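I open these notes to record what I looked up, entry by entry, beginning with a single residue and then widening the view.

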Amino acid sequence: MESLSCLVLKPSPPTRLFFPPRIPQMALPGSTFVFPFSMDYQLPITTAKLALKPIRASTSAVPTTPSTTSTVTSSPTAASTKKVLVPIGFGTEEMEAVILVDVLRRAGAEVTVASVEPQLEVQASGGTKLVADTRISTCSDRVFDLVALPGGMPGSAQLRDCEILKKITSKQAEEKRLYGGISTAPAVTLLPWGLLKRKRTTCHPAFFDRLPTFWAVKSNIQVSGELTTSQGPGTSFLFALALVEQLFGESVAREIGELLFMHSADDKPRKEEFNKVDWAVSHTPRVLVPVANGSEEIEIVTIVDILRRAKVDVVVASVEKSVKILASQGVKIIADKLIGDAAGSIYDLIILPGGVAGTERLQKSRILKKLLKEQDAAGRILGAVCSSPTVLHKHGLLKMNTGK
């Protein structure tokens, strides 16, 4: 397993779970790249339990989690029988989609990412471009163990208006197989399809008033029979792990949670700075995120998505010969540009995502090495997560002032 490491830049405000759903006008230009039924499952930030034990509904916060590229070893039989459909469309929330796909694939599921658009390439709500595995039309005659809908606007509306997806999901519910939705998907997609009847349901707080009052529950995760629902990007890991537990069992869900370093607030400090840096700019911050084949998709997408929500100008640059990369768990992402085209600009921060194979390829990029050394020489900030601090180490850029 990779060691978890990061360069801490500056104390950040407390994490908030509320992620406003995006609408087209708000989308920034971006990278073209055994559960008892009718109970609530939630991991409070101070008492997180990877076993996802049922408790009554509450609105406790959820910890943000880093990621590794490790995968749980499942038996071939189990993996071959667990087939999952994750549909995406224009405006789908990228964190919700990618975390679902990544976590389920780590557990051994055969996940199909299907576009409800005419093309495979789909621009997500934060500007990231994802490339689906297939079109939804190819899935109409297939049987899935789980259909999981990411949220995001107008992504949920795009999913709602897809008749093929409606038929697939309706049949899923009729035949008592697992289905679910996160964020806006329960209220915008599943509700109009009539798939929330007599089901306790949660969704994004901004859309909560659309749910039937008697069945609505303000909780991070809600499992009601075959239906699982969740609130939004901040609960995506919990949503994915709840689905893993229902497909593969508690032990697999626990192992995945451990691989993802899902700690409660009491396990480790939120941050620890050895070389405190006061970082402030008088302009819109500009950030470079270099990526490669084998980079960890969760780390790419969450870094980019959250920074763009903060109105940071983020450039995703591929060190490969193509802007299209294949991430560590098979998610296809299209970067904004090639690293050579990005090298002519100055960045307030260059931050490297992890992923073992991706880290090795980042390390071999001569252009990126030059950029990192110039960044360090100019006194500008460098950042790295998961396995990628090794890139900085290999280039002689990890220094520590012990204060002695």
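Entry 1. I looked up T302 in this predicted model, and I found that T302 sits in helix α8, which runs over residues 297-309. Is T302 buried or exposed? Its relative accessible area is 17%, and because the cut-off for buried is under 20%, T302 counts as buried.

Entry 2. I then checked what T302 touches, and I noted that its side chain reaches the backbone oxygen of I298 at 2.6 Å. When I set aside the neighbours within four places in sequence, I found T302 in contact with M95 and I99.

Entry 3. I turned next to helix α10, residues 356-364, where I wrote down G358, T359 and L362 as buried. Why do they lie on the same side of α10? They cover an arc of only 100 degrees around the axis, and therefore they share one side of the helix. I added a general reminder beside this, that an α-helix has 3.6 residues a turn, so residues three or four places apart point the same way.

Entry 4. I asked which elements the buried residues of α10 pack against, and I listed the strands β12 (286-291) and β17 (349-352) together with the helices α11 (366-377) and α12 (389-394).

Entry 5. Last, I looked up the totals for the protein, which has 12 helices and 18 strands. Of its 404 residues, 55% count as buried, while its accessible surface comes to about 17400 Å², with 55% of that surface belonging to carbon and sulfur atoms.

Terms used:
Residues numbered from 1 in each chain as written. Predicted model: local features only at pLDDT ≥ 70, side-chain atom pairs only at ≥ 80, totals over all residues. Heavy atoms only, no water. Helix = DSSP H or I, 4+ residues; strand = E, 2+ residues; numbered from the N terminus. Buried < 20%, exposed > 50% of the residue type's maximum accessible area, 1.4 Å probe, protein only. Areas by Shrake-Rupley, 256 points an atom, 1.4 Å probe, with all protein chains shown as cover. Polar contact = N/O pair within 3.5 Å; in protein donor to acceptor, adjacent residues only side chain to side chain. Contact = heavy atoms within 4.5 Å. Arc of directions from axis to C-beta.
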